[in-house]
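Visitor: I am new here and would like to know how each label is earned. Could you show me around?

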Amino acid sequence: SVGYAQTDKGDWMVGTDFGLSYETSKVTTKVGNETSQTTNTFKVAPKLDYFVINNLSIGLGLEYKNTKVKDGDTTNTFAVVPQVHYFFPLDTNFKPFLGARVGYGYSSTEVAGGNNKTKADGLVVGGRAGVAYFVNNGAAVTGYLDYDHQNFKNKDNKDITFKKGTFGVGIGVAIFF
């Protein structure tokens, strides 16, 4: 079976995740206004991990996310996130996994109409659960559910904070060597 050799101590994993999402949400401001908005998001996240023990990897991920609110703002977010993944040791081509990450993020939001930009940075935290399907001895396709949380402060006015939590679904590819 090829399902158990790829996540051994000393192995490397390089890959990327892709996410597309669509959400509709209600936003209520502190002054009591309520609005509805539709959001489309595209995310790509290359990563490099090293297996410190069998089935447990640590590594570094880079993330880029583009979020567009219909008839509204566009936000580009970049993040650098150390991460950890655990692959459950099953003697099969399918391996469930859990992952966590925490790091630094930066965002730039272009306000609808294009005449104003807001910049913010801060903490990025996330977790995921999924399954890797090993198509051969060195490559896998992954599917996962994840949660991302951002806690950012405005670069120009530190009294303005942005907190956002997002559940998502994604796919990825990984090469093991």
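**Strands, bridges and buried charges**

Guide: Let us start with one pair: Thr67 stands opposite Thr75 in E4. This is a predicted model, where local features need pLDDT of at least 70, side-chain atom pairs count only at pLDDT 80 or more, and totals for chains, interfaces and linings use all residues. Residues are numbered from 1 along each chain as its sequence is written, and side-chain values use heavy atoms, with hydrogens and water left out.

Visitor: What makes E3 and E4 a pair?

Guide: Two strands pair if DSSP finds at least two bridges between them. Strand E3 (residues 56–69) and strand E4 (residues 74–87) have 13 bridges in the antiparallel sense, so they count as paired. Their hairpin has four residues between the strands, and Asp71 there takes a positive phi near 60 degrees.

Visitor: How do you know that E7 and E8 pair?

Guide: By the same rule, 15 bridges join E7 to E8, so they pair, and they run antiparallel. One bridge sets Lys153 against Thr161 in E8, and a hairpin of six residues joins the two strands.

Visitor: How many helices and strands does the protein have?

Guide: There are zero helices and eight strands. Both are DSSP runs numbered from the N terminus: helices are H or I with at least four residues, strands are E with at least two.

Visitor: Why is the contact of Asp146 and Lys43 called a salt bridge?

Guide: The term asks for a side-chain nitrogen of Lys or Arg within 4 Å of a carboxyl oxygen of Asp or Glu. Asp146 and Lys43 meet at 3.3 Å, N to O, so the name fits. Asp146 lies in strand E7 and Lys43 in strand E2 (residues 34–53), so the pair ties together parts that are 103 residues apart in sequence.

Visitor: Why is Asp146 called buried?

Guide: Buried means under 20% relative accessible area, exposed over 50%, and partly exposed in between (1.4 Å probe, protein chains only). Asp146 has 6% relative accessibility, so it counts as buried. Lys43 is buried too, at 7%.

Visitor: Which salt bridge does Arg101 form with Asp146, and how far apart are the closest N and O atoms?

Guide: Those atoms are 3.5 Å apart. Salt bridges that share partners join Asp146 and Arg101 into one network, with Lys43 and Glu63 also among its members.

Visitor: What makes the largest nonpolar core a core?

Guide: A nonpolar core is a set of buried Ala, Val, Leu, Ile, Met, Phe, Trp, Tyr and Cys residues joined through side-chain atoms within 4.5 Å. The largest one here has 10 residues, including Met13, Phe51 and Tyr144.
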